[in-house]
Structure formats: structure tokens, C-alpha cells
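Got the model open in your viewer? Let's walk through it together, one selection at a time.

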Amino acid sequence: MRVGVITFPGTLDDVDAERAVRYADGEAVPLWHADHDLKGVDAVIVPGGFSYGDYLRCGAIARFAPVMQEVVEAANKGMPVLGICNGFQILCEAHLLPGALVRNSKLHFVCRDQWLTVENNETAWTTRYDRGAEVLVPLKSGEGGYQADQRTLDELEGEGRVVFRYAGGNPNGSRNGIAGITSANGRVVGLMPHPEHAIDALTGPTDDGLGMFLSLVDSVVGA
């Protein structure tokens, strides 16, 4: 399994995402923001950070990067794509996922270990979890409040496309406590918390995040 991990100017967590892929016995393939080629990868991770310095708004410039043109085309053909934190923002800006991420409700940067409830275990990235399970992963963002109009929220809830929901309180004002969502086909997932920082109990709060990368292995190998 070859998984592309994109680096934009300002990306912070590409190395951690690559490490998570290796923990799942995959091959991490670095992708540069100016690339016009996905190098034959089986899936793509759009990692966290501050792409292009978060100028204009988070993800607004990154969506126009050459590599994202390739990602959008591949995603529309069914390639699994995961957006983490800033990556989630970019996927929303690129219209691969609906809604938008805005400033946290109390206008403070939130950095803490966060419990999440698994709402959907049928995506390409969540099959290793039990539905209703609670997982603990780091959350670190200043613009992580998920917002969408009521029609979109009703659609996400009605179609079971909420993947993760905040447990034990809403840290950023996200509507319906949404921490992560998926595309209609379950191949594209975006979430604000950082599963790549929770793949080894020695370096993270738990190894709960590893399940997302192991799920990808199942999805790619079983395809």
C-alpha cells in the first residue's frame, strides 16, 4: 500500500502522517504541493499545519495547488483521501466535503487530548473501530468549529455521514458536536483531531488513532 502525504508551505504534520502510514506497514510517498503527479499512490493524506500561512482563510489557497487538482480528480474516481485538521479545511475548500471550519467559539486555540465517539465505521478509514466506541486523540486548532447550513447538517446526519463526534463537551462550537465527516461514498474523510499523533501509547495519549491507518490497509488490500 502506497500512501501519498502532501506537504504545502506551512505544513507541520506531514512527518507524523508518514510515520503513521509506516506503523500500518504502508509505504509513505511524499507529495509536494507543486506536483502534478500523485506518483501512483493508492490513497492520499492531506495533513495538518498552516498551509500557505493560513492567509485569506485556512485552506483557501491550498485548494488551488497543482497537487490538489490531482487529488480532486482521483477522489472523484474513488481514491481514499484523509484530511486532518488543516487538511480537513482544505478538503472543504476544495468541495470534496461540505461545510466549512471557522474560528473556535471562544476564539481560543484549543490544544488538548480529546475524546471522540465513532459514529460511522463503514468508511475507508474507520472499519477497524466499533460504532459507538470512544477514542482519545489530540486536538490542536484555532479554527476548528465545523459549520454548515441546516439542510447540509440534516443530510449528513440522515445519511450517516458524521464519522466522529466530540464526547465530553464541545471544544470549539462545532454544530452537532461534529468532529469529522465523510463523503457520500465513504472514501473521503476529514476530521479536526489528529489520529496520527495517537498511534503509539509511548508518544501519544493512546494508540487509538492507528485504527484509521489500519482501516485504510483493509480498504486498499480488500479492494
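Start by selecting C111, which is exposed, with a relative accessible area of 61%. The model is a predicted one, so treat each stop as a computed value.

Now show the cysteine sulfurs. A disulfide is a covalent bond between the sulfur atoms of two cysteines. How many disulfides are there? The count is zero. Go next to C85, whose sulfur lies 8.3 Å from the closest cysteine sulfur, that of C58, and this is too far for a bond, because a disulfide needs the two sulfur atoms within 2.5 Å. C111 is in no disulfide either: the nearest cysteine sulfur belongs to C85 and is 10 Å away. Is C85 buried or exposed? C85 is buried, with a relative accessible area of 6%, whereas C111 is exposed.

For the next stop, select L12, F50 and F109 and turn on the surface. These residues form a nonpolar patch there, and together they have about 300 Å² of accessible area. Click on F50: it sits in the loop between β3 (43-46) and α2 (66-76), and it is partly exposed, at a relative accessible area of 38%.

Finally, zoom out and switch to cartoon view. You should find five helices and 11 strands. The radius of gyration is 15 Å, close to the 17 Å that the globule rule gives for 223 residues, so the protein is as compact as a globular protein of that length. The C-alpha trace spans about 40 × 35 × 35 Å along its principal axes. Colour by burial, and 58% of the 223 residues count as buried.

Definitions and conventions:
Residues numbered from 1 in each chain as written. Predicted model: local features only at pLDDT ≥ 70, side-chain atom pairs only at ≥ 80, totals over all residues. Heavy atoms only, no water. Patch = residues over 30% accessible without salt bridge, like charges linked within 9 Å, V, L, I, M, F, W, Y side chains within 5 Å. Areas by Shrake-Rupley, 256 points an atom, 1.4 Å probe, with all protein chains shown as cover. Salt bridge = Lys/Arg side-chain N within 4 Å of Asp/Glu carboxyl O. Helix = DSSP H or I, 4+ residues; strand = E, 2+ residues; numbered from the N terminus. Buried < 20%, exposed > 50% of the residue type's maximum accessible area, 1.4 Å probe, protein only. Rg over C-alpha atoms; globule rule 2.2 N^0.38 Å.
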